[in-house]
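The following note sets out comments on the structure under review. The points are numbered for ease of reply.

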Amino acid sequence: MAIFDFNTATLRLTFVVGTNDKGAPLEKKKTYNNVIKGVQAEALVAVSNAIAGLTSNNVNKIEYNELQEVLSK
């Protein structure tokens, strides 16, 4: 039997910080560690909006990544 063992979770926000000479958006990514296991999507959106409110940039993308190890028993 195999099980998942939760290791870490991260939240990565992609901000639009301007445009280049051709008008394409310039992005900056910021990663936040120590996100709790099984967090709800609505909570991630609320936190992301709160963080974006502290900056002068708009959030373009919100990503949540969980790293789990597969253990064989």
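1. Beyond the residues up to four places away in sequence, S48 touches L11, L13, V59 and I62. The residue belongs to helix α1. In this predicted model, S48 has a relative accessible area of 0%; the cut-off for a buried residue is under 20%, so S48 counts as buried.

2. A second residue of interest is A52, which is in contact with F15, N57 and V59 once its neighbours within four places in sequence are left aside. V59 is thus named among the contacts of A52 and also among those of S48.

3. The largest nonpolar core consists of eight residues, namely A9, L11, L13, F15, V35, L44, I51 and A52. Two or more residues of this core are given by each of β1 and α1. Strand β1 supplies the largest share, with four residues. Two members of the core, L11 and L13, are also among the residues that S48 touches.

4. Which order do the strands take in the sheet? Three strands form an open sheet, arranged as β2-β1-β3 with antiparallel pairing. The edge positions are held by β2 (25-32) and β3 (58-72), each of which pairs on one side only. From one strand to the next, the twist averages 25°. As a general remark, strands of a sheet pair through backbone hydrogen bonds, in either a parallel or an antiparallel sense.

5. The pairing of β1 (residues 2-19) with β2 is antiparallel and extends over eight bridges. Within this pairing, L13 has K30 of β2 as its bridge partner. Helix α1 (residues 41-53) packs on the sheet and touches β1, β2 and β3. The direction of the helix makes about 35° with that of β1.

6. Is L26 buried or exposed? Its relative accessible area is 38%; since this value falls between the limits of 20% and 50%, L26 is classed as partly exposed. The residue is placed in strand β2. L26 and V16 lie 10 residues apart in sequence, and their C-alpha atoms are 5.7 Å apart in space. With neighbours within four places in sequence left aside, the contacts of L26 are F15, V16, V17, G18, T19 and N20. F15, one of these contacts, is also a member of the largest nonpolar core.

7. Regarding the overall arrangement, the protein contains one helix and three strands. Along the sequence, these elements follow the pattern β-β-α-β. The radius of gyration is 16 Å, whereas the globule rule gives 11 Å for 73 residues; because the value is well over that figure, the protein is more spread out than a compact globule. The C-alpha trace spans about 55 × 25 × 15 Å along its principal axes.

8. Some totals complete the description. Of the 73 residues in the protein, 15% are buried. The exposed surface amounts to about 5,500 Å², of which carbon and sulfur atoms supply 52%. Among contacts between residues at least 6 apart in sequence, 66% join residues at least 24 apart.

Definitions and conventions:
Residues are numbered from 1 along each chain as its sequence is written. This is a predicted model: local features need pLDDT of at least 70, side-chain atom pairs count only at pLDDT 80 or more; totals for chains, interfaces and linings use all residues. Side-chain values use heavy atoms; hydrogens and water are left out. Two strands pair if DSSP finds at least two bridges between them. Axes are lines fitted to C-alpha atoms, for helices over the stretch in contact, and angles run from 0 to 180 degrees between N-to-C directions. Contact means heavy atoms within 4.5 Å. A nonpolar core is a set of buried Ala, Val, Leu, Ile, Met, Phe, Trp, Tyr and Cys residues joined through side-chain atoms within 4.5 Å. Buried means under 20% relative accessible area, exposed over 50%, partly exposed in between (1.4 Å probe, protein chains only). The radius of gyration is taken over C-alpha atoms; the globule rule is 2.2 Å times the number of residues to the power 0.38. Accessible areas come from the Shrake-Rupley method with a 1.4 Å probe; for residues, only the protein chains shown count as cover.
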